[in-house]
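This report describes a protein chain together with its ligands. Please look over the sequence and the structure before reading on.

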Amino acid sequence: MKPSIILYKALPDDLLARLETHFTVTQVANLKPETVQQHAEAFANAQGLLGSSQTVDSALLEKMPQLRATSTISVGYDNFDVDALNARKIALMHTPTVLTETVADTIMALVLSSARRVVDVAERVKAGEWTKSIGPDWFGIDVHHKTMGIVGMGRIGLALAQRAHCGFGMPILYHARRQHAEAEERFQARHCDLETVLQESDFVCVVLPLTEETQHLIGKAQFAMMKKSAIFINAGRGPVVDEAALIEALQNGEIHAAGLDVFEQEPLPADSPLLSLPNVVALPHIGSATHETRYNMAACAVDNLIDALNGKVEQNCVNPQVVR
Ligand SMILES: NC(=O)C1=CN([C@@H]2O[C@H](COP(=O)(O)OP(=O)(O)OC[C@H]3O[C@@H](n4cnc5c(N)ncnc54)[C@H](O)[C@@H]3O)[C@@H](O)[C@H]2O)C=CC1
Ligand SMILES: O=C(O)C(=O)CO
C-alpha cells in the first residue's frame, strides 16, 4: 500500500502526478484547525506533509501521529516548530539552492529601484507628470561602485555579492557568524562586525533567516548607526527588522530609502505607513517568484518528500541527525 500524505499547496499537474505514483495524496486548502478537523482521518494516517507558508506546530503534529517527513516549498523554515519535529523524529526537508540566483536578482532589483527611484518615477510618468525635460527632483543616486553591506553571507548573500561586485564594481562588506572564504577570495568581501557593516555601507542588505537570535536584530539603535544616505534592503524575513523603528528612521531621514520584500505581517496591512512613504519600494514577498524557480522549488520539494519517506536524508534535510 502506498503511504498517505497531505498536500496543502497546489502543484503543477506533472508534479502532482509524480507525487501520486508514490503516495495516496489528500489535498487540503490549508492547515487551519477547522481543515484538520474536516479531514481528521487523512491527517491521522498521513506519513508525509508537503506545502508552504503555513504554521506547523506541535498542536498540528499531535493530529498527525504517523508523520515521518514534512517537505516545505521554501528554503526558510521559521514557520516550523523544529524542536517539536525533532522530538518526534520527523524529517524536515527544504529547497535551498534552486532559488538562490532568483532571490539575488530580486535583491538587486530592490537595490536598483530604491536608488534610482524606478517605481516612484515610473508612476509619475504614468500620471502624466513628464511634460518637460526632467530636473533634480526626478534624480536618484548611483549604485555602481558604492559599498554593499550584506548581513547574512549564506547562499543568497554570496550570489548577491557576485552581482554587486562583478556587475556593479561594488566593494563588499559582510557580517556573518563565520568568515566566508569563497566570498573573500572571489569578491574581496571583508568580514566585519554588524556595527561596521551598518556604519560603512551605502546599501545594507539583510538576507538572514528568522531565528530567536535574529528577531529584531535590526532596530532603532542599528538604524541610528547607518549613514543618512544609506538604503536599507530586507529580503530575509520581516521580523528580523523592528518595522516600527524602520518606519521612524525613514520618516525622520535617518536613512535615505528602503527596499522591502518581507514584512512583520504579510500580506502588508493596507494601513501600514510604509505604503505612504515615497522612499519605500515594497514588494509582496516575491524573492523566488518566477515561473521557472517556483516550478523548480516545487519539484525539489516533491523529490525531497519521496527521498525522505524512503529514508534518504543526505540532501536538503534540516534535521538529518534526528530522523528515524
Ligand atoms: N524574500 C524571499 O522570497 C526569500 C527569503 N529567503 C530568506 O533568506 C534566508 C537565507 O537564505 P539562504 O541564503 O539560502 O540561507 P543560508 O543558510 O545559506 O544563509 C543564511 C546565513 O545567515 C547566517 N546567519 C544566521 N544567523 C545569523 C546571525 N545571528 N548573525 C549573523 N549571521 C547569521 C548564516 O550563518 C548563513 O550564512 C532564508 O532563511 C529565508 O528566510 C529565502 C528565499 C526567498
Ligand atoms: O523560500 C523561502 O524561504 C521564501 O521566502 C520564498 O521563496
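## The chain as a whole

A residue is called buried when its relative accessible area is under 20%. By this criterion, 49% of the 324 residues of the protein chain count as buried. The model under discussion is predicted.

The secondary structure of the protein chain amounts to 13 helices and 12 strands. Along the principal axes, the C-alpha atoms of the protein chain fill a box of roughly 70 × 45 × 35 Å. The radius of gyration is 22 Å, which agrees with the value near 20 Å that a compact globule of 324 residues would have.

## The annotated domain

An unreviewed UniProt entry lists residues 108-287 as "domain: D-isomer specific 2-hydroxyacid dehydrogenase NAD-binding". Across residues 108-287, helix makes up 34% of the chain and strand 14%. The C-alpha atoms at the two ends of this stretch are 11 Å apart.

## The surroundings of ligand 1

Ligand 1 is surrounded by 25 residues, of which the closest are Arg155, Ile156, Glu213, Ala235 and Asp261. Sorted by character, the shell around ligand 1 divides into 11 nonpolar, 9 polar and 5 charged residues.

Which atoms of the protein lie 3.0 Å, 3.3 Å and 3.2 Å from polar atoms of ligand 1? A polar backbone atom of alanine 235 is 3.0 Å from a nitrogen atom of ligand 1. Arginine 237 has a polar side-chain atom 3.3 Å from an oxygen atom of the ligand, and histidine 285 has a polar side-chain atom 3.2 Å from an oxygen atom of the ligand. On its own, ligand 1 has 850 Å² of accessible area, and the protein covers 89% of this.

## The surroundings of ligand 2

The residues around ligand 2 are Ser74, Val75, Gly76, Leu99, Arg237, His285, Ser288 and Met297. This shell divides into 3 nonpolar, 4 polar and 1 charged.

Oxygen atoms of ligand 2 take part in several polar contacts with the protein. One lies 2.5 Å from an N or O atom in the side chain of serine 288. For arginine 237, an N or O atom of the side chain is 2.7 Å from an oxygen atom of ligand 2. At glycine 76, the partner is a polar backbone atom, at 2.8 Å from an oxygen atom of ligand 2. The protein covers 86% of the 230 Å² of accessible area that ligand 2 has on its own.

Arginine 237 thus appears in the descriptions of both ligands: its side chain has a polar atom 3.3 Å from an oxygen atom of ligand 1 and an N or O atom 2.7 Å from an oxygen atom of ligand 2.

How values were computed. Residues numbered from 1 in each chain as written. Chains lettered and ligands numbered in written order. Predicted model: local features only at pLDDT ≥ 70, side-chain atom pairs only at ≥ 80, totals over all residues. Heavy atoms only, no water. Near = heavy atom within 4 Å. Polar contact = N/O pair within 3.5 Å; in protein donor to acceptor, adjacent residues only side chain to side chain. Areas by Shrake-Rupley, 256 points an atom, 1.4 Å probe, with all protein chains shown as cover. Nonpolar A, V, L, I, M, F, W, Y, C, P; charged D, E, K, R; others polar. UniProt positions renumbered as here; feature names shortened; annotations may be inferred. Helix = DSSP H or I, 4+ residues; strand = E, 2+ residues; numbered from the N terminus. Rg over C-alpha atoms; globule rule 2.2 N^0.38 Å. Buried < 20%, exposed > 50% of the residue type's maximum accessible area, 1.4 Å probe, protein only.
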